[in-house]
Amino acid sequence: MRYTAEEIIEVHRMLSEEQLDIRSVTLSVNTLFAIAGNLEATLKRLESLGGTLERFVKAVDEVSGKYGIRIVTKRVAVSPIQFFLESLSEEDGPEIAEFLDGLAQEYKIDYVSGYSAFADRGFTNGALRVIKTFAEALNSTSRLTGMINAASTVAGYELRGDKALRGRGLPDAPDLLLQSDDNGQRPAGLPLRTFGPPRPRDAGGDHKRGGERSRGHRERDKEE
Amino acid sequence: MVVGADRPGIVAGIASKLAENNANIIDISQTVVRGIFAMVMVVDISQCKVSLAELRRQLQEKGKELGVEVQAYHEEVFRYMERV
């Protein structure tokens with residue numbers, strides 16, 4: 001036998017008794033194709049994410065089934081909401097948040113990340129709008145996560161990013177303070193990050209410039 | 001792999017379920033883990049009629065009838081965890 005019985009039993013024990021599993025699989029989607037001048041059009045374009053999420057969930061379940069190893073969470077990282085809010089109003093932020101949260105629930109994605117802003121070199125309007133609506137967006141959702149990046153190696157520490165958040169009653173460990181809703185659901189979480197890579201939130205959820213055009217982009221082309 | 005109290009019919013029950021699905025047994029070994037009977041089978045599923053997930057489900061159902069716990073993993077799991 002290629003493997004001894006002891007080896008096979010050792011692996012089985014790790015998987016069944018010691019809770020060895022795959023913590024998470026993260027899909028990072030470039031959603032910049034959905035940026036539009038108004039909320040309605042933005043949400044409509046974001047709807048096309050549904051097909052992608054469906055295929056993602058199916059693929060993860062297939063891999064988990066094939067190997068017989070539990071995959072605990074499925075996560076999706078979208079382009080930072082900051083970019084959407086550059087051309088939208090502050091109130092639109094929580095609307096997008098709830099929409100993404102709804103998509104996550106519909107397609108059984110455990111976390112959707114991207115309520116994020118990069119404030120290491122001062123604030124753009126979009127970044128400021130994310131910061132101002134952060135608590136509301138996270139308190140009204142259960143699967144949404146985000147982050148504020150308040151420093152970078154190039155720009156140093158932008159203390160105002162830190163202060164702006166603290167002024168909104170968010171403590172260092174916001175999970176402890178953000179409200180629970182009536183069902184006891186807690187918002188998924190917020191880190192105030194420094195020197196972060198350009199990620200919406202999750203490890204593996206890099207938002208890179210360039211790269212292959214997403215399906216959403218291609219679908220937009222067909223519409224036009 | 002099959003874990004549980006040793007009794008007649010376990011090998012036959014599991015083997016017939018594998019044969020039903022056209023899965024070929026390559027090797028069988030038996031050992032005792034912490035006083036519990038464990039049977040390890042290496043099975044070729046390249047000609048198998050169903051997916052590994054479905055085969056696992058069927059084997060676990062059979063295992064319940066036989067009073068044993070059945071688990072099925074893809075060979076790659078052992079390759080990545082036990083070989084450098």
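Across all chains of the structure, 12 salt bridges are found, in what is a predicted model. One of these bridges joins the side chains of A:Arg23 and A:Asp21, with a distance of 2.9 Å from N to O. The two partners differ in their surroundings, because A:Arg23 is exposed at a relative accessible area of 54%, whereas A:Asp21 has a relative accessibility of 15% and counts as buried. Both residues also belong to a network of salt bridges in which A:Asp21, A:Arg23 and A:Arg70 are linked.

A further salt bridge in chain A is formed between the side chains of A:Lys74 and A:Asp61, at 3.2 Å from N to O. Since A:Lys74 is placed in strand S2 (residues 71-77) of chain A and A:Asp61 in helix H3 (residues 49-67) of chain A, this pair ties together parts that are 13 residues apart in sequence. Of the two residues, A:Lys74 counts as buried, with 12% relative accessibility, while A:Asp61 is partly exposed, with a relative accessible area of 42%. In chain B, B:Arg57 and B:Glu61 form a salt bridge in which the closest N and O atoms are 3.1 Å apart. These two residues are four residues apart in helix H2 (residues 52-66) of chain B and are therefore separated by about one helical turn. Partial exposure is found for B:Arg57, at 41% relative accessibility, and for B:Glu61, at 44%.

Strand S2 of chain A also takes part in an open sheet of four strands, which has the order S1-S2-S3-S5 (chain A) and parallel pairing. Because S1 and strand S5 (144-145) of chain A stand at the edges, each with a single partner strand, one side of each is left without a neighbour in the sheet. Strand S3 (residues 111-113) of chain A is joined to S5(A) by two bridges, and these strands run parallel; A:Ser113 stands opposite A:Thr145 in S5(A).

Surface patches of two kinds were identified. A negative patch is made up of A:Glu91, A:Glu95, A:Glu98 and A:Glu136; of these residues, A:Glu98 is located in helix H5 (residues 92-107) of chain A and counts as partly exposed, at 44% relative accessibility. A nonpolar patch on the surface is formed by A:Leu20, B:Tyr80 and B:Met81, which together have about 310 Å² of accessible area. Within this nonpolar patch, A:Leu20 is found in the loop between helix H1 (5-16) and strand S1 (22-28) of chain A, and its relative accessibility of 36% places A:Leu20 in the partly exposed class.

Notes. Residues are numbered from 1 along each chain as its sequence is written. Chains are lettered from A and ligands numbered from 1 in the order in which they are written. This is a predicted model: local features need pLDDT of at least 70, side-chain atom pairs count only at pLDDT 80 or more; totals for chains, interfaces and linings use all residues. Side-chain values use heavy atoms; hydrogens and water are left out. Patches are made of residues with over 30% relative accessible area and no salt bridge: like charges are joined within 9 Å, nonpolar side chains (Val, Leu, Ile, Met, Phe, Trp, Tyr) within 5 Å. Accessible areas come from the Shrake-Rupley method with a 1.4 Å probe; for residues, only the protein chains shown count as cover. A salt bridge is a side-chain nitrogen of Lys or Arg within 4 Å of a carboxyl oxygen of Asp or Glu. Lys and Arg count as positive and Asp and Glu as negative; His and the chain ends are not counted. The place of a charge is taken as NZ of Lys, CZ of Arg, CG of Asp or CD of Glu. Buried means under 20% relative accessible area, exposed over 50%, partly exposed in between (1.4 Å probe, protein chains only). Two strands pair if DSSP finds at least two bridges between them.
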